[in-house]
Amino acid sequence: MAILEASEIVKRFGPVTALSGAGLQVEPTTIHGLIGPNGSGKSTLLHVIAGRTLPDGGRVVLDGADITRAKPAQRARAGMSIKFQLARVYHEQTVADNLLLALQVRDGIPSLVLSRTRRRHQERVRRLLDDFGLTHVRDHPAGELAHGEQQWLEIAMAMATEPKLLLLDEPTGGMNRHERERTGELIRAAATTCAVVIVEHDLDFIRDLCDRITVLHQGTLVASGTPVEIERDERVAEVYLTRV
Amino acid sequence: MASNMTRREALQRFAVGGAGLALGGTLLTACGSSDGSSSGGRGGGSDEPIRVGAITDLTGAYGIVGKANKAIAEFTVDEINANGGVLGRPIELIVVDGASDPATWGKVARQLVTRDKVEMVIGDVSSAEREAVKSIIAGRGRTLYICPASYEGGECYENTWTVGAVPNQQVNPTVDYLLEQGARSFYLCGNDYSYPRNVLKAARARIEEGGGEVVGEDYIPVSATDAPELVRKTISSNADAVFEVIVLPASVPYIKGVVDGGYEGLIAGTLFDETINPLFGRQAQGLIGAQDYFATIDDPFTKQEVAAFRKKYPKAPFGSALNSPAWYRGLYLWKVAVENAGSTDLDAVNEAMNSASYDRLIGGPSRFVPGTKHVELTMYLGEMQADGSVKVLKDLGPQEPEGQCNAS
Amino acid sequence: MSPETIRTIFDVASLTSILVLLVLGMAVIVGMMQVFNLCQGELVLLGAVVAYVAHEWLGSVLLGILVAPFAVAAFGAVLERTVIRRFYANAAGALLATFAVGFLIRAIVLARMSSQGEPVPAPIDGTVGIGGADVSAWRLVIIVVVVLAVAATYLSLTRTAIGLRVRATLDDVELAAASGISTRRMFTGTYAFGAALAGLAGAMIVPLQALYPSLGFDNLVPMFLSVMVGGLGTLHGPLLGAVALGVPTALLPTWIDSVLSQVLVIFAAIVFMRLRPGGLVNRDI
């Protein structure tokens, strides 16, 4: 059974229809690429899944629960983690506090008041810092990190809650080749415990990393399959050719 | 804000809600405009009411003063009306709210004289407010203006008459008493504006005349809420006596600080009475001041009137520091002047005001000293007590205003 | 040290601590939340009202001081839910709305009063001798309470999980919401916390003066000046601003005229803000 199923999604912005019946089906512990030319609706679909915008039609189901109209905080509690396009970390808090914040999401207010969570999460913070290579900057404000480090911190935060689904919006934007490779490794490691959806411009990165790829064009589904299947799909080639 | 409110009950309701909100003002302007038509011309028939405007601060910083002023004005007018009115005509009192803001004073004063066409306006709280309205009322409006506030002196504008105390009336007997008690060195302090500066100028003159010496004179900003440096300077001055004119709220920490800090001299001022003493707590004990009324003065008529007022307005504040006796005095001296003039004609009333005199007043007899536009007052010297009450040390008798309006 | 010197030092400590106490709640609401809260003075006033009511009805100012932070916090929470919330994205609207709220509170308090002020006695009256100088016992208590309140506020915001969530919410609302923090509750809670500190300030300082409607409003200028001099965005910025303003305000009149020294302090504050618009503590520079 799919961990995420978005079906028949319709989204209009005034007179413009961004999505007309597009959908996405993601299996557990797979890396799923979502691609399409500019204006294809891939970002809008990601936003609908993430709850940043509500659809005009269709359904979003996460692990059997309908979350179509759930608030972002409810989605987070249901097991969805999001890494935004621009690195979204708490700039003024330290790297360790950023992770702590991510870990405390599921803690109730009473345990927060009693402050027991800090000690309980200490070990997990240490491991995340280690896994993501951020130990040397643990007490730096996150806003001072290099671009790549900020992106990794955000993936680490997204993974901190042990989500069922991780949404990544252009995780390699602005990265150099070395940083991209490192990001790929981190995502692959993450996918051992959860499903990952990636929206990305870099088609080589997607092809190397993803188990499945979904292609959108003009707000509708063009194709969905393995990288090999997608590479051979004529309609996909057409979409990307006519673009030029 | 309460500009167009001329109906008393509406004003009462309004005062509780609080004026000043632009929205409320607009709303009330809209519903108040309908009663503009009911105003008659000047003069009129023999039992036509005489319209009198009362202007004060029912809201804002001076709201408490306004509450007191409104109550005593209504009490006095009701009493005059119950005894046949003025020249046989009842007084119709129109109370307006200046909202502790000189600009609002200008607005509501204009409406009193142009729309309500009052024969006389009584009321001032601060000098800034008086300055903002006097030309509107007494100049272009050509309406008699009576000022009940105790103030720094010097108001000689046309058609304008002051019935509150000026500095020398409070200061001279107080300084004389301090000198009698053996005080030779004096420390002076107050807030930095015209009233305290003029009072302390009068105090310095009287002290030096009487052979005393001023060892220090300091001022704090009007906006001060605390005065630790004045407390230090007072204590270290080692003066035999202090004369202070600090207004609320800084006066509270000042008095408490000086007394608790171990200052052993006498402390005198012009702003002590039963309405303010309780704020000083037990540290009020021994403060010296002169006023035109204390609750404890031995005057049967005053006792009877204040008891009647208390019965009618059990919750309204009343006291010398709130100008309550002066409002009563102002309304009665005007009544005497109008009746002596035989009409409400401005020139005739002005002439009669110049020598108006009346004995049955709260606090004792009073009269305009011809040529001064200010009044002679019966004054009392009091010693404040720890419980807030006042022990009357001396009935000072009539005290003339000095140096006002080119009196020959 | 001469008693005169001790008294001067004590006065500086007293005046500065009172300003810090008044600014503490504002540091949370204006400094951290960046809501231009013109009714901050009336939150202080409400704290004073609680102390007065406890004194009148129950005969205990101390009880009033203990209850005031909770009572004013509850009021603050309701105010945030009904009014403040609507103006987070609209600074001018927030100014007008909070001014109107403050005006209403003052008018209601005035309408209930029948004297120029209501005395509220200090729970601890009298003086304490320090090196030959008699200083006000209650002012000494205030200094101690201010130190404790600042420490408690600082620690709860930096060392507790709730404090971390508050900081995270103020740092990046959208991210906080996406990561499961209920940001609405955080804003309500933070405003209520700032209101509680204002309530504490009001209840602590009312015995020094008296209860009167503009008790808080009269202090609004030095309070805002402290925040502007200290800088927005942090807790400690406004508090340092209060110290930077309070010390010279208390100390200069020892040598020069009080009125002149007030003018000098305000002038210096304005010049400082011209030269360093971000204030003393500004992470953007």
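## Chain C at a glance

Starting at the N terminus, chain C runs α-α-α-α-β-β-α-α-α-α-α-α-α, which comes to 11 helices and 2 strands. Helices (H or I, at least four residues) and strands (E, at least two) are DSSP runs, numbered from the N terminus. With a radius of gyration of 19 Å, close to the 19 Å that the globule rule gives for 285 residues, chain C is as compact as a globular protein of that length. That radius is taken over C-alpha atoms, and the rule is 2.2 Å times the number of residues to the power 0.38. Along the principal axes, the C-alpha atoms of chain C fill a box of roughly 60 × 50 × 35 Å.

## How far to trust it

This is a predicted model, where local features need pLDDT of at least 70 and side-chain atom pairs count only at pLDDT 80 or more, while totals for chains, interfaces and linings use all residues. Side-chain values use heavy atoms, with hydrogens and water left out.

The complex gets an ipTM of 0.92 and a pTM of 0.82 from the predictor. For chain C, mean pLDDT (the predictor's confidence in each residue, from 0 to 100) is 91, and 99% of its residues reach 70 or more. Among the elements of chain C, helix H3 (residues 61–82) has the highest mean pLDDT, 97, and helix H7 (residues 173–178) the lowest, 80.

## Inside and outside chain C

Of the 285 residues in chain C, 58% are buried, meaning under 20% relative accessible area (exposed is over 50%, partly exposed in between; 1.4 Å probe, protein chains only). If you look at contacts (heavy atoms within 4.5 Å) in chain C with a separation of 6 or more, 74% come from residues 24 or more positions apart.

## Rings in chain B

Over all chains, there are 10 aromatic pairs. One is B:Tyr328 with B:Tyr332, a tilted pair at 4.9 Å centre to centre and 45° between the planes. To pair, rings of Phe, Tyr and Trp (its six-membered ring) need centres within 6.5 Å; planes under 30 degrees apart count as stacked, over 60 as edge-to-face and the rest as tilted. B:Tyr328 and B:Tyr332 are 4 residues apart in helix H12 (residues 324–341) of chain B, so about one helical turn separates them. B:Tyr328 is buried at 1% relative accessible area, and B:Tyr332 is buried at 6%.

Chain B also has an aromatic cluster made of B:Phe75, B:Tyr293, B:Phe309, B:Tyr313 and B:Phe318.

Key. Residues numbered from 1 in each chain as written. Chains lettered and ligands numbered in written order.
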